[in-house]
Amino acid sequence: MRLAPPPRLVDGAILAAVATVAATGLGTAFAGVPAAAWVFDLHGVAGFALAVLLVFKFRRVAPRVGNAAAWNRTVAVSVATALIAVAGLATGVFWSLGGSFTVLAWNAMNLHVFVGLALVPLLAVHLLARWRPPRRVDVEGRRTALQAAALVGGSILAWRLRGALVALLGTAPSRRFTGSREAGAAPGNTFPSTSWVADDPDPIDPDGWRLTVRGAVERERSWSLGALPAGDGERATLDCTSGWYTTQDWRGVRVGRLLDAADPADGARWVSFRSVTGYRFSLPLGEARRALLATHVGDEPLSHGHGSPARLVAPGRRGFQWVKWVEAVEVRETPDYGQWIAIFTSGFTRGR
Ligand SMILES: Nc1nc2c(c(=O)[nH]1)N[C@H]1C(S)=C(S)[C@@H](COP(=O)(O)O)O[C@H]1N2
Ligand SMILES: [Mo]
């Protein structure tokens, strides 16, 4: 006898699995400390569950897709959705097994993200045309509970076996809990240089550069590079969401010292770090105080590619938040929602 759970139950479970991989996939961009490792685990487990559910689904719909007479726009969207889902699973499994490849400028992890982002709208269109909610009869009974338990248990087991397999094969020996692999173990500027989207300013003349602390402060302050307080340092890991990391000794000035000099207003809650390019990102005030504005890495002055003259070092945050080429520190009373646009557009608008 073939195991064939009710179609609407399978479809409902697929929706739940996709919602989970989408939410946790986004969540990984904010998971930079080991305590957040569960986000990656949940992402992986939900991915395995999705793979199993898709086997049931594809077995059911294959005859319809194979029937050329039945093809229309709805079927086309459904097939595209299926292909994208499979591509997402394939790139995810491949990457998490320690594999890597590059097409044009993208590695498996980049492609996994693109495919994941494409899946959400495709699935939404597919659901608008096809969604039938599970009925009571679809979910009733002990059998459903057992199948759900088997699916979740099996997926957890598969995720753990995957971890064991990677360890056994040694395919990703330097991997962090984020899945990122070490790139550039040497101290100094030799690790890779990346930008979120096309951010690539001309080198900044250090003699003309000034750092300004402004916004919700009692006294706006600004320093030339030579006058900028120095002497603070920290060993911290830059972990890019495209899947690599480097651990370095960073040197510069603790942001709290700059803030003290400018005396944040009573209502100050957020600190936004602004690049000459318009790229910007903010941290809550307390965390910003502990962060470092680095001018040096591994005893070398930062190279242009790494954000010279100064870049944010925000331990525990993923790389995209480590703003490069910082020229202003803006103290704010409210969150800066515009940053979510700025990180995508700064490479095209030059920020001015
Ligand atoms: N101004 C600016 N800062 C930026 C970026 C950017 O595009 N523009 N990219 C971020 C991303 S995605 C990462 S991973 C790190 C990379 O730092 P690196 O080039 O020194 O390795 O810088 C971050 N800081
Ligand atoms: Mo990144």
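This section looks at the nonpolar cores, the strand pairing around β10 and a nonpolar surface patch in a predicted model.

It is convenient to start from the inside. The largest nonpolar core comprises 49 residues. Within this core, the residues with the most contacts are L211, V213, W250, L258, L259, F273 and L293. Helix α7, spanning residues 255-262, supplies the largest share of the core, with five residues. A second core, separate from this one, has 13 residues, among them V10, A49, L54 and A85. As general background, nonpolar side chains in soluble globular proteins tend to be buried together.

L211 gives a handy view of how the largest core is connected. Once neighbours within four places in sequence are set aside, the contacts of L211 include L258 and L293, both of which also appear among the residues with the most contacts in the core. Further contacts of L211 are made with R221, S222, W223 and L228, and with the run V326, E327, A328 and V329.

Strand β10 (residues 292-297) comes next. Five of its six residues are buried, so β10 is largely enclosed by the rest of the structure; the criterion here is a relative accessible area under 20%. Three strands can be followed as pairing partners of β10. Strand β7 (residues 244-254) runs antiparallel to β10 and is joined to it by five bridges. One of the core residues named above, W250, has V297 of β10 as its bridge partner. Strand β12 (residues 311-313) is also antiparallel to β10, with three bridges between them, and here L292 lies opposite V313. Strand β11 (residues 300-301) pairs with β10 through two bridges, again in the antiparallel sense. In this pairing V297 faces E300, so to speak across the hairpin. Two residues separate the strands of the β10 and β11 hairpin, where G298 adopts a positive phi near 50°.

The surface offers a friendly counterpoint to the interior. A nonpolar patch is formed there by F94, F101, V103, L104, W106, V113, F114 and L117, which together have about 750 Å² of accessible area. Helix α4 (residues 108-130) contributes three residues, the largest share of the patch. Another member, L104, sits in the loop between β1 (102-103) and β2 (106-107). L104 counts as exposed because its relative accessibility is 76%, and the cut-off for that class is over 50%.

Key
Residues numbered from 1 in each chain as written. Chains lettered and ligands numbered in written order. Predicted model: local features only at pLDDT ≥ 70, side-chain atom pairs only at ≥ 80, totals over all residues. Heavy atoms only, no water. Patch = residues over 30% accessible without salt bridge, like charges linked within 9 Å, V, L, I, M, F, W, Y side chains within 5 Å. Areas by Shrake-Rupley, 256 points an atom, 1.4 Å probe, with all protein chains shown as cover. Salt bridge = Lys/Arg side-chain N within 4 Å of Asp/Glu carboxyl O. Helix = DSSP H or I, 4+ residues; strand = E, 2+ residues; numbered from the N terminus. Buried < 20%, exposed > 50% of the residue type's maximum accessible area, 1.4 Å probe, protein only. Core = buried A, V, L, I, M, F, W, Y, C linked by side-chain atoms within 4.5 Å. Contact = heavy atoms within 4.5 Å. Pairing = 2+ DSSP bridges.
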